[in-house]
Amino acid sequence: MPGEPGLDPTLLRAAFGAFPTGVVAIAASVGGRAVGLAASSFTSVSLAPPLVSFSVATTSRTWPALRRAPRLGVTVLAGHHGAVARQLAGPAEGRFTGLPLTTTADGAITLDDGVAWFDTTIERAVAAGDHTLVLLRLHSAAHAADAAPLVFHRSGFRPAV
Ligand SMILES: Cc1cc2nc3c(=O)[nH]c(=O)nc-3n(C[C@H](O)[C@H](O)[C@H](O)COP(=O)(O)O)c2cc1C
């Protein structure tokens with residue numbers, strides 16, 4: 001794939017990884033089955049209207065199912081969720097095994113022991129290179145004021161202090 005001189009993917013991945021982020025679970029019930037993934041590309045966008053975003057790889061096999069769901073649940077993972085983040089990025093059939101979940105009447109799925117929760121719909125999906133930039137509109141938001149989030153940095157997890 002042609003690219004800018006000096007911007008080889010390995011360097012870019014390492015440079016992007018210098019930026020610490022949280023990790024969210026984005027999940028919904030589709031056809032009676034929990035589908036979702038872990039995403040570190042989540043960020044807040046707008047208060048009015050309330051919008052957040054994340055980016056999903058064009059190669060994602062989960063996104064085509066997830067984007068059909070009427071509502072998407074977003075959970076900000078907690079400090080103890082390092083293994084859960086890996087599980088949510090692993091083999092699709094086992095992603096939610098053993099996790100305490102809540103499913104709304106509209107099918108949004110959240111993890112009970114997260115640090116913040118959003119009930120969302122897809123506002124817009126924009127092609128962005130090898131990812132799709134997804135803008136989500138919030139319908140509800142909640143958070144656990146004293147819970148520490150999971151922090152993702154240079155391919156590793158650390159609980160925030
Ligand atoms: C900490 C972490 C953060 C991730 N962030 C993203 C992300 O922002 N966007 C994305 O498309 N995949 C991300 N992934 C990978 C997905 O969770 C998932 O493994 C990938 O989408 C492949 O599965 P799929 O084909 O079912 O979508 C992340 C994985 C981990 C462990």
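**Exercise 1. What share of the 161 residues in the protein is buried?**

Solution. Buried residues make up 39% of the 161 residues. Here buried means under 20% relative accessible area (1.4 Å probe, protein chains only). This is a predicted model: local features need pLDDT of at least 70, side-chain atom pairs count only at pLDDT 80 or more, and totals for chains, interfaces and linings use all residues. Residues are numbered from 1 along each chain as its sequence is written, and side-chain values use heavy atoms, with hydrogens and water left out.

**Exercise 2. Describe the fold and its dimensions.**

Solution. Start with the elements. The protein has three helices and 11 strands. Helices (H or I, at least four residues) and strands (E, at least two) are DSSP runs, numbered from the N terminus. Along the sequence the order is α-β-β-β-β-α-β-α-β-β-β-β-β-β.

Next, the dimensions. The C-alpha trace spans about 50 × 35 × 35 Å along its principal axes. Last, the contacts, meaning heavy atoms within 4.5 Å. Of those with a separation of 6 or more, 63% join residues 24 or more positions apart.

**Exercise 3. Place L72 in the fold: is this residue buried or exposed?**

Solution. L72 lies in strand β5 (residues 72-76). Its relative accessible area is 1%, so L72 is buried. Now look for partners distant in sequence. T120 is 48 residues away in sequence, yet its C-alpha is 5.1 Å from that of L72. Leaving aside neighbours within four places in sequence, L72 is in contact with residues including I26, W63, F118, T120 and L136.

**Exercise 4. Map the surroundings of the ligand.**

Solution. First, the shell. There are 17 residues around the ligand, and A38, S41, S60, R61 and T62 come nearest. A residue is near a molecule if one of its heavy atoms lies within 4 Å of it. By class, the shell has 10 nonpolar, five polar and two charged residues. Ala, Val, Leu, Ile, Met, Phe, Trp, Tyr, Cys and Pro count as nonpolar, Asp, Glu, Lys and Arg as charged, and the others, Gly among them, as polar.

Second, the distances to oxygen atoms of the ligand. A polar side-chain atom of T62 lies 2.4 Å from one. For the side chain of S41, an N or O atom is 2.6 Å from a ligand oxygen. For R95, a polar side-chain atom lies 2.9 Å from a ligand oxygen.

Third, the cover. Taken alone, the ligand exposes 620 Å², and the protein buries 81% of that. Accessible areas come from the Shrake-Rupley method with a 1.4 Å probe; for residues, only the protein chains shown count as cover.

Finally, the elements. Those giving two or more residues to the shell are β2 (33-39) and β4 (51-57).

Key: A polar contact is a pair of N or O atoms within 3.5 Å; within protein, one must be able to donate a hydrogen and the other to accept it, and residues adjacent in sequence count only if both atoms are side-chain atoms. Buried means under 20% relative accessible area, exposed over 50%, partly exposed in between (1.4 Å probe, protein chains only).
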